[in-house]
Amino acid sequence: MIEVPRLSRIYYKGKFFDYPLQLGNTIANLGVFESLMIIGSYCKAQLFPERSEESFEQWVRNRFGDRLYRTFFKTYTEKVWGIPCDKIRADWAAQRIQGLSFISAVANAIRNTGEVKSLIKTFDYPRLGPGMLWESCARKVTELGGQVVKDTGVTCVRHQNGRVTALDVTTDGITKTLSVENVISTMPLSNLAGMLDPPPPLAVREAANGLRHRDFLIVALTCHRSDPFPDNWIYIHAQDVRVGRIQNFRNWSADMIATGNGTTLGMEYFCSRGDDLWSQEDSDLIALAKREVAELGLVNPQDVIDGHVIRERNAYPVYDEHYRAHVDTLRSYFTETFSNLQTAGRSGLHRYNNQDHSMLAGHYAAMKLLGHSECDPWDVNVERSYHEDQVLSAEKTQFPADQDLQRHVV
Ligand SMILES: Cc1cc2nc3c(=O)[nH]c(=O)nc-3n(C[C@H](O)[C@H](O)[C@H](O)COP(=O)(O)OP(=O)(O)OC[C@H]3O[C@@H](n4cnc5c(N)ncnc54)[C@H](O)[C@@H]3O)c2cc1C
């Protein structure tokens, strides 16, 4: 691990806002009039809150006021999810921003003023990226006599009398059936339901069909210049460009830049399989990313020397109006039907889990299969106040075999 300084900003209406917000910078960018309007709108929301708090929009407006919601929440959230904020469940806001209020945001902004150091926190990062963690895990599994099989798809999950008995797996077009003792699945819940043999009841199949994911693609642009901007990443709230976030990989770890010089920018686009972004030719996407990074004033097109596109399916589990009922149906079915199958991770729980949550859920899944019924992957990341700055609460579930696990994971 290397220690990396953290700097990120929000780009909105042609201006860069420090993130976390800093009072002077925020007022300078918004102007005094708009800042006062935001305070007025917040007061109005406190005096006359919306009664219902079912949607993301209602939840945020009640806590921050309509004007701040429109400035810092609406546009980016709609880019990420591809649906209007009144169609996103409040659960998502509650999970991601519960710890934050208007007052605490202002207090933080005041505290940050003049203390530039507190804006630049540091974090530990694997020198060549998070894949190093999994290379290390795979090595350990192999050293212990296990086998790690890659580029292999599970296509059928066979079961009998409440137990998964075998999996059909396909490698290079060749399918074989493996008998299994225990199974932990991190594929999307809906895919798992769809490959059960015999199939699950109709209600379960309908719930599976109702769950949705948002997909994602990243256009990596290799640039001559090593210092186009100082941030690790920038959130792009502006609606006139389609890019949602831009990573500057040199500022995560210079060793990840293969050529040694320049940097690689990750232009992140949130999309849905089959939509116009997802279906574009790679060359068109690279041209779009080059155009947009130039429009944002970050890099001149002639400084971009190469581009590469990576598409990622099922990147974000969608919290739409119906997701909770569907997840409840699937969860009950899987947990009540199978004694040797656990689902875990982000798509396996259909929960907006970070990597630490996913690892912990995997560990709980293994412990449960080994007979520790008090460990349940579904208990991970239910703390409504989870926040990236906080340490994952160890109170909810005490881990029996390794009390230090949560500390290690966090
Ligand atoms: C854009 C983006 C940025 C993120 N940034 C961060 C971050 O900064 N910090 C953080 O902590 N977390 C971050 N996350 C979240 C983190 O990546 C996830 O929480 C974590 O990867 C989930 O782990 P997982 O094992 O559940 O799923 P995954 O890592 O998605 O692994 C599931 C695996 O199952 C495989 N699979 C699916 N179906 C089958 C099948 N039928 N047969 C065989 N294999 C199959 C998939 O190919 C995949 O490899 C980010 C996620 C995204 C999308």
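**Aromatic cluster, helix packing and unusual backbone sites**

Let me begin with the rings: Tyr 76, Trp 81, Phe 123, Tyr 125, Phe 216, Trp 233, Tyr 235, Trp 252, Phe 270, Tyr 316 and Tyr 352 are linked into a cluster by ring pairs, where rings of Phe, Tyr and Trp, the last taken by its six-membered ring, are paired if their centres lie within 6.5 Å. Before going further, I should say that this is a predicted model, in which local features need pLDDT of at least 70 and side-chain atom pairs count only at pLDDT 80 or more, while totals for chains, interfaces and linings use all residues. Residues are numbered from 1 along each chain as its sequence is written, and side-chain values use heavy atoms, with hydrogens and water left out.

The structure holds 20 aromatic pairs. One of them joins Phe 64 and Phe 73, whose ring centres are 4.9 Å apart and whose planes meet at 40°, so the pair is tilted; planes under 30 degrees apart would count as stacked, those over 60 as edge-to-face, and the rest as tilted. Phe 64 counts as buried at 1% relative accessibility, and Phe 73 is buried too, with a relative accessible area of 13%. Here buried means under 20% relative accessible area, exposed means over 50%, and partly exposed is what lies in between, using a 1.4 Å probe and protein chains only.

For the overall picture, the protein chain has 16 helices and 15 strands, which are DSSP runs numbered from the N terminus, with H or I and at least four residues for a helix, and E and at least two for a strand. Of its 410 residues, 45% count as buried. Among contacts in the protein chain with a separation of 6 or more, 68% come from residues 24 or more positions apart, a contact being heavy atoms within 4.5 Å.

Now to the helix packing, and to helix 2 in particular. Which residues of helix 3 does helix 2 meet? Tyr 42, Ala 45 and Gln 46 of helix 2 meet Arg 61, Asn 62, Arg 63 and Phe 64 of helix 3, and the residues of this contact divide into three nonpolar, two polar and two charged. In that scheme Ala, Val, Leu, Ile, Met, Phe, Trp, Tyr, Cys and Pro count as nonpolar, Asp, Glu, Lys and Arg as charged, and the others, Gly among them, as polar. The axes of helix 2 and helix 3 (residues 56-64) come within 6 Å and cross at roughly 110°, and the two helices are therefore roughly perpendicular to each other. Axes are lines fitted to C-alpha atoms, for helices over the stretch in contact, and angles run from 0 to 180 degrees between N-to-C directions; under 35 degrees counts as roughly parallel, over 145 as roughly antiparallel, 65 to 115 as roughly perpendicular and the rest as oblique.

Helix 2 (residues 32-47) also packs with helix 4 (residues 66-81), at an angle of about 120° and with the axes 6 Å apart, which makes helix 2 oblique to helix 4. In this contact Glu 34, Met 37, Ile 38 and Ser 41 of helix 2 meet Asp 66, Arg 67, Leu 68 and Thr 71 of helix 4, giving three nonpolar, two polar and three charged residues.

Further along the chain, the axes of helix 10 (residues 202-210) and helix 13 (residues 323-337) come within 9 Å and cross at roughly 130°, and these helices are therefore oblique to each other. On the helix 10 side the contact involves Ala 203, Val 204, Ala 207, Ala 208 and Gly 210, and on the helix 13 side His 326, Thr 329, Leu 330 and Tyr 333; these residues divide into six nonpolar, three polar and no charged.

Some backbone details remain. A cis peptide bond, with omega about 0°, joins Asp 197 and Pro 198, and Pro 198 lies in the loop between strand 9 (196-197) and helix 10. Where does Asp 151, with its phi near 50°, a positive value in a residue other than glycine, lie? Asp 151 is in the loop between helix 8 (131-143) and strand 5 (153-160), and is exposed, with a relative accessible area of 73%. Asn 314, also not a glycine, has a positive phi of about 50°, but Asn 314 is found in strand 14 (residues 304-317) and is buried, with a relative accessible area of 19%.

Finally, Ser 339, in the loop between helix 13 and strand 15 (341-343), is 176 residues from Arg 163 in sequence and 5.8 Å from it in space, C-alpha to C-alpha. Not counting residues up to four places away in sequence, Ser 339 touches Gly 162, Arg 163 and Leu 369.
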